[in-house]
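Work through the two exercises below with the sequence and the predicted model at hand. Each task is followed by a solution that goes step by step.

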Amino acid sequence: MKIAICASEVVPFAKTGGLADVAGALPLALKEEGQEVIVVMPRYKSIQEPKFKLSRLKPGISYAVTGKNVKVYFIENEQYFNRDNLYTDKNGDYPDNLDRFSYYCRRGLDLLKEINFKADIIHVHDWQASLIPVYLKTNYAADPFYKNIKTVLTIHNIGYQGLFPKEQFPKLGLDWSLFNMEKLEFYDKVNLLKGGIVFSDLVNTVSPTYSKEIQTKEFGFGLEGVLSKRSKSLFGILNGLDYSIWNPETDKFIAARFCAKDIKGKAADKEDLQKFCGLPLKKNIPLFGIVSRLAEQKGFDILAEAIDHICNLDLQMVILGTGDIKYHVLLQDIVKKYPKVISLHLKFDDALAHKIYAGSDVFLMPSKYEPCGLGQLISLKYGTIPLVFKTGGLADTVNKNNGFIFDEYKKDALIRTIENAIKAFKNGKNWDKLMRAGMQCDFSWAESARGYIRLYGKICAK
Ligand code: ADP
């Protein structure tokens, strides 16, 4: 099959979250499975020589090659994309995000024709690329080049929908008749993700459980009705993990390497992390790690309520993350109160993230909702037992045989589960078993890619 992956961020070129990991790894895995794949993304300011080897196709389009000859095409526009950040600046969302990403979608479609890439599937990701299926079935429908192309939309997080004032609708170049409740309108606003959901041939999310959850009022962020209507075309495929990056056997960032068969190095990694963080070098109390956006979605509301209590338990904790200022302030205050218990790093730091995954005993990820989640998959591979709330991808990957899981989203349930983890660590009897069970899990991209190929096959066969 010929597949074009369209996403607004792709590792290694630009990343703000898990979307970039997926859009970076999936094309390579599809290629490994024998598919013909290209990637199309905007060219941001950070995508420059010599950091990346870039070639020019024509004015306004450059490209790079990743993996085993997968071409990544960059849509250029000085005014729209030559900026420091992807979507926001210090004042919040860029006010012209609708112009920027509708331009990206149109140019992406034009590009396919310009390079004569007659895709069987255009696989679009999140609201930024959601106009592609809309344009394909409207403004581009009369062009025979685009006639048989099918589209798949992957929703990475339904909380981000690309909402804009209706006054901006004319900028899309679409007929006003599409601005209605069945199509792109959402409470008198333009909703780009909704357009993607309505116009794509198939929709999927990044875990089976989340694909069901988003059809409910609790998790659907207002789109549950639209999604329920498409339930027969709505699937869930777990993201894979790139084990060439996340592997304790080969990880260059950690003090000592280890694997399921020989786990000794992990103790050295714990000591290294404690030293790095200025925490007491204690072997016999569990070290809890967090690598996360500091946001309510990630469980920081109940964690904030519980943190004082938690710091009085027999544990240590390392937190790496950035996000809501209120959590920055709250955690800074807590560290002042418990400097021997908690170590706080308010930044994005890939190297430290590796050290935390390797050196912690427990990985804390009490997300309120979690489309898939990468943190728990990484921690499983590093023998760091995940402690999670039973939701979305966390529910699909963590169970009592490889982690700790609570099913009532309340501070008390979180504290109780942390206490159980501490007890289990001190008791020690089953700890090794838990660690090994996690390390032996296989969440490789090959498996996810095969899932996507089966999904593409469903619509190509029609
Ligand atoms: P998200 O909802 O933020 O995309 P995921 O669990 O799917 O959450 O993916 C988050 C990814 O970003 C993981 O690879 C995690 O290790 C990484 N990450 C998050 N915050 C930081 C940070 N402050 N420093 C380094 N890596 C981070």
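**Exercise 1.** Determine which residues Ser8 touches, leaving out those up to four places away in sequence, and decide whether Ser8 is buried or exposed.

*Solution.* Begin with the neighbours: with that exclusion, Ser8 touches Leu19, Met41, Pro42, Tyr44, Leu86, Tyr87, Phe101, Tyr104 and Gln128. One of these neighbours, Tyr87, also has its side chain in polar contact with the side chain of Ser8, at 2.8 Å. Next, place the residue along the chain, where Ser8 falls in the loop between strand 1 (2-6) and helix 1. Finally, apply the cut-off, under which a residue is buried if its relative accessible area is under 20%; Ser8 has 0% relative accessibility and therefore counts as buried.

**Exercise 2.** Describe how domain 1 (2-240 + 446-461) and domain 2 (265-442) meet.

*Solution.* Start from the separation of the C-alpha centres of domain 1 and domain 2, which is 32 Å; the contact itself takes 18 residues from domain 1 and 16 residues from domain 2. Then consider the area: the two domains bury about 1200 Å² between them, with 62% of it on carbon and sulfur atoms. As for specific pairs, zero salt bridges are counted between domain 1 and domain 2, whereas seven residue pairs are found in polar contact across their interface. On the side of domain 1 that touches domain 2, helix 1 (18-32) and helix 6 (208-213) each supply at least two residues, and helix 6 gives the most, with four residues. By class, that side of domain 1 has seven nonpolar, eight polar and three charged residues.

Technical notes:
Residues numbered from 1 in each chain as written. Predicted model: local features only at pLDDT ≥ 70, side-chain atom pairs only at ≥ 80, totals over all residues. Heavy atoms only, no water. Domains from an automatic or database assignment. Contact = heavy atoms within 4.5 Å. Buried area = accessible area lost by both parts, 1.4 Å probe. Salt bridge = Lys/Arg side-chain N within 4 Å of Asp/Glu carboxyl O. Polar contact = N/O pair within 3.5 Å; in protein donor to acceptor, adjacent residues only side chain to side chain. Nonpolar A, V, L, I, M, F, W, Y, C, P; charged D, E, K, R; others polar. Buried < 20%, exposed > 50% of the residue type's maximum accessible area, 1.4 Å probe, protein only.
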